[in-house]
Amino acid sequence: MSKNLVIVESPAKARTIGRILPSSYDIKASMGHIRDLPENSFGVDIEHGFQPQYEESRTRGRNLNDLKNAAKSAQDIYLASDPDREGEAIAWHLQEVLRKSNPKARFHRVSFHEITRSAINRAFEQPGEVNMNRVDAQQARRVLDRIVGYQISPLLWSRIERGI
């Protein structure tokens, strides 16, 4: 196993954090979400607890493959996406996907509200786990968006077009 892998959302953050952390950390950017509901189908199993059916992003394919390859040789993977619902969901999706590339890796959630040496050092001194309450909140919002988008929007547009 080689370096520790740190994944943030943006390349700019990756460069800045790379100047702060020691060289034993390989810092990569996820470029946002790496999985989502399918583009061409409903993607929510309403009959089984509104279970979302995620697929890996086609637009992030090359970057995702790079993350998977980096994860294969990492002993510790630090998920450092933004400390909000979306960031937590991104961290969870990364963990779910990258665990398949390296089942032996240890995953850690680190979050910071500012990109300063002291804030980053504090975050890495006390890593935690993905907050599933935030992940569930983001998933609920995403599933509701899909239900509204697929079932209600066409009805509304048909009524608007007919002037009803």
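Buried means under 20% relative accessible area, exposed over 50%, and partly exposed in between, with a 1.4 Å probe and protein chains only. This is a predicted model, in which local features need pLDDT of at least 70 and side-chain atom pairs count only at pLDDT 80 or more, while totals for chains, interfaces and linings use all residues. Residues are numbered from 1 along each chain as its sequence is written, and side-chain values use heavy atoms, with hydrogens and water left out.

**Strands and sheet**
- Helices (H or I, at least four residues) and strands (E, at least two) are DSSP runs numbered from the N terminus, and two strands pair if DSSP finds at least two bridges between them.
- An open sheet of four strands, paired in parallel, has the order 2-1-7-8, and its edge strands, each pairing on one side only, are strand 2 and strand 8 (106-109).
- Strand 1 (residues 4-8) pairs with strand 2 in the parallel sense over five bridges, with Asp-26 as the bridge partner of Leu-5.
- In strand 2 (residues 25-29), Tyr-25, Ile-27 and Ala-29 point to one face and are buried, whereas Asp-26 and Lys-28 point to the other and are not.

**Helices**
- The axes, lines fitted to C-alpha atoms (for helices over the stretch in contact), with angles from 0 to 180 degrees between N-to-C directions, come within 8 Å for helix 2 (residues 61-72) and helix 3 (residues 85-101) and cross at roughly 55°.
- Helix 2 and helix 3 are therefore oblique to each other, given that angles under 35 degrees count as roughly parallel, over 145 as roughly antiparallel, 65 to 115 as roughly perpendicular and the rest as oblique.
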